[in-house]
Amino acid sequence: MSIALEQIQKRFGAVSAVDGVDLQIRTGELVAVLGPSGSGKTTLLRIIAGLEAADAGIVRLDGDDATATHARDRNVGFVFQQYALFPHLTVFENVAFGLRVRPRRERPDAAAIARRVASLLALVQLEDVGARFPHALSGGQRQRIALARALAVEPRVLLLDEPFGALDARVRHELRGWLRRLHDEIAVTSVFVTHDQAEALALADRIVVMHRGRIEQVGTPDAVRASPATPFVRDFLGGFAESRVHAPCRTPVVDRPHERGRRRALASAIE
Amino acid sequence: MSAAALPGAPVAAVARSARTRTSAIRRDGALVSRLLIGAALAFLAIFLFVPLAFVFVQALAKGAGAYLRAIGDADALAAIRLTLVAAAIAIPLNVAFGIAAAWAIARFAFRGKSVLITLIDLPFSVSPVIAGLVYVLVFGMQGWLGPWLAAHDIKVIFAVPGIVLATIFVTVPFVARELIPLLQAQGVEQEEAATMLGARAWQTFVRVTLPNIKWGLLYGVVLCSARAMGEFGAVSVVSGHIRGATNTLPLHVEIAYNEYQFAAAFACASLLALIALATLALKLVLERRSPDRHPERIE
């Protein structure tokens, strides 16, 4: 399903969290919304989900105006930063939740629910944890269960808020590759929010760079890296592009003090 | 009442930190802590245990037969019944109000929120006698609504409705105060997750919110019940002390005592004491069930 945002505005008191955002996301894309904390990226994601109402602007899902549609009726999957698993339910019941709360007519029977949960647990490679409770899982496992739970209702769009933010570096790296492969497999339109340039560059089909509630640039990782549209994008991606992408992973990070100084000067010039 | 909910944590913390000191300090510390613990126990014994034991001793002073007769007395049974009726009405109303108020306070920002929190605490800070008097001023014969109520033949003061109202007033804070910190600590993410999975509001409440607060809710209900059945002041003002009709158990105890029926008074008092002990036992069980509660915190 495609997503289209038209002139989205959102203020919290005196702070403008999202300030006139236009964005088109095509069906089946994996898009990263990248920006420093406070750039409005999570608010934007919550507006797409319907968890936050925009002050102005239109959200279109598949071309239809969904601005006034309740979050529960948007058929959008959401993976929360801290996963928000239900602590009193087993992993099985967590994943089955979205099926169990359906109106009686649309609710699958117990056997169908069990089959669906089993296939989702297999999809996230956690077949054996169905009887456990969330607190007995590692962070990476919780993340994958949260994903399975979101996918259980067959959402047309998957939204992920800092999907790897709460994980340690090694697990984050593993899950990153895994999520990319999963997306290629199920091809559901996905948007994830991150402040980590490496994550966005490694994972996304396209990157949306946000700063102070506005979109600075939209493009493929290569395009954004090769020709930053604004000084902010260059600065925000710059440190990463030089020190981590171009240098092979296993060699020590190349630090260039003279360039760092120049970037800093540039940054303060912008401020 | 709120003092009863204070956890024993500070004592444990003192004991723990004393253990980690060097041996010389530990000897001094041991002496000090022994003195302190001894003083605390002596205090508890004199002011809590001895009176409690005395209640039971006096209740059974004239033998088990007299005890049972005192409790089986028609007026005593009526008082017990009225106490249970008032509690049975007040507790569900409190649960409903407590959940609604705690939900509103923990989940939404709105004008007058701090006023609502203050109002919830009002029964703790106002003397129960004042609460009773307020009801007399509103519903009594000389009160605002008195003539209208009399014209429609509705009795509130010196009747069961007044007692129920007074009981509700003094128990208002218990459930709400228990749930507000719990709901705040829980946050909104799980509820949002349920919404995103297609759950309706009541499904989210029953399947996600309620299971997370159920022990705190039960704890609030236990404290609320104890207060509802033990309340004296507010109920005394609105009751009119009509035997067999508007006397609750605490009022019945006072009347019997004033009429020098000591065994009967203490027999009924022992029932109230048993309710209190059962409350404490339940409270302990519930505290074990929900180890990470912060009963005194309201933000």
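Leaving aside neighbours within four places in sequence, which residues is A:Leu159 in contact with? The legends below take up this question and others, on a predicted model.

**Figure 1. The surroundings of A:Leu159 in the predicted model.** Neighbours within four places in sequence are left aside here. Beyond them, A:Leu159 is in contact with A:Leu45, A:Ile48 and A:Ala49. A:Val76, A:Gly77 and A:Phe78 are also in contact with A:Leu159. A:Val191 completes the list.

**Figure 2. The largest nonpolar core.** This core has 78 residues. A:Leu159 is among those with the most contacts inside it. The others named with A:Leu159 are A:Ala32, A:Val33, A:Ile48, A:Val95, A:Ala148 and A:Val208. Helix H4 of chain A, residues 139-151, gives the most to this core: six residues. Another core lies apart from it, with 61 residues. B:Ala86, B:Ala101, B:Ile163 and B:Ala176 are among the residues of that other core. In soluble globular proteins, nonpolar side chains tend to be buried together.

**Figure 3. An open sheet in chain A.** Six strands make up this sheet, in the order S6-S7-S8-S3-S9-S10. Their pairing is mixed. S6 and S10 (214-219) of chain A are the edge strands, and each pairs on one side only. On average, neighbouring strands are turned by 20° against each other, direction ignored.

**Figure 4. Strands S3 and S9 of chain A, paired in the sheet.** S3 covers residues 30-34 of chain A, and S9 covers residues 206-211. The two strands pair in the parallel sense, over four bridges. One residue to look for is A:Leu34. Its bridge partner in S9(A) is A:Val209. Strands of a sheet pair through backbone hydrogen bonds, either parallel or antiparallel.

**Figure 5. Where chain A touches chain B.** On chain A, 18 residues are in contact with 14 residues of chain B. Which elements of chain A give two or more residues to this side? They are strand S6 (76-79) and helix H2 (91-100) of chain A. The largest share, three residues, comes from S6(A). The residues on the chain A side divide into 11 nonpolar, four polar and three charged. For the complex, the predictor gives an ipTM of 0.83 and a pTM of 0.75.

**Figure 6. The helices of chain B.** Chain B has 14 helices and zero strands. Of its 299 residues, 33% count as buried. Now take the contacts in chain B with a separation of 6 or more. Residues 24 or more positions apart account for 75% of them.

**Figure 7. B:Phe205 in helix H11 of chain B.** Helix H11 of chain B spans residues 201-230 and holds B:Phe205. Why does B:Phe205 count as partly exposed? B:Phe205 counts as partly exposed because it has 15 C-beta neighbours inside 10 Å. B:Glu191 is 14 residues apart from B:Phe205 along the chain. The C-alpha atoms of these two residues are separated by 7.9 Å.

**Figure 8. Confidence along chain B.** Chain B averages a pLDDT of 82, and 88% of the residues score at least 70. Where is confidence lowest, and where is it highest? Confidence is lowest in helix H1 (residues 9-19) of chain B, at a mean of 49. Confidence is highest in helix H10 (residues 189-196) of chain B, at 94. Over residues 1-15 of chain B the pLDDT is below 50. Beyond near neighbours in sequence, that stretch has seven contacts in the model. Residues 291-299 of chain B also have a pLDDT below 50. Here the model has 13 contacts beyond near neighbours in sequence.

How values were computed: Residues are numbered from 1 along each chain as its sequence is written. Chains are lettered from A and ligands numbered from 1 in the order in which they are written. This is a predicted model: local features need pLDDT of at least 70, side-chain atom pairs count only at pLDDT 80 or more; totals for chains, interfaces and linings use all residues. Two residues are in contact if their C-beta atoms, placed from the backbone, lie within 7 Å. Ala, Val, Leu, Ile, Met, Phe, Trp, Tyr, Cys and Pro count as nonpolar, Asp, Glu, Lys and Arg as charged, and the others, Gly among them, as polar. A nonpolar core is a set of buried Ala, Val, Leu, Ile, Met, Phe, Trp, Tyr and Cys residues joined through C-beta atoms within 7 Å. A residue is buried if 20 or more other C-beta atoms lie within 10 Å of its own, exposed if 12 or fewer, and partly exposed in between; C-beta atoms are placed from the backbone. Two strands pair if DSSP finds at least two bridges between them. Axes are lines fitted to C-alpha atoms, for helices over the stretch in contact, and angles run from 0 to 180 degrees between N-to-C directions. pLDDT is the predictor's confidence in each residue, from 0 to 100.
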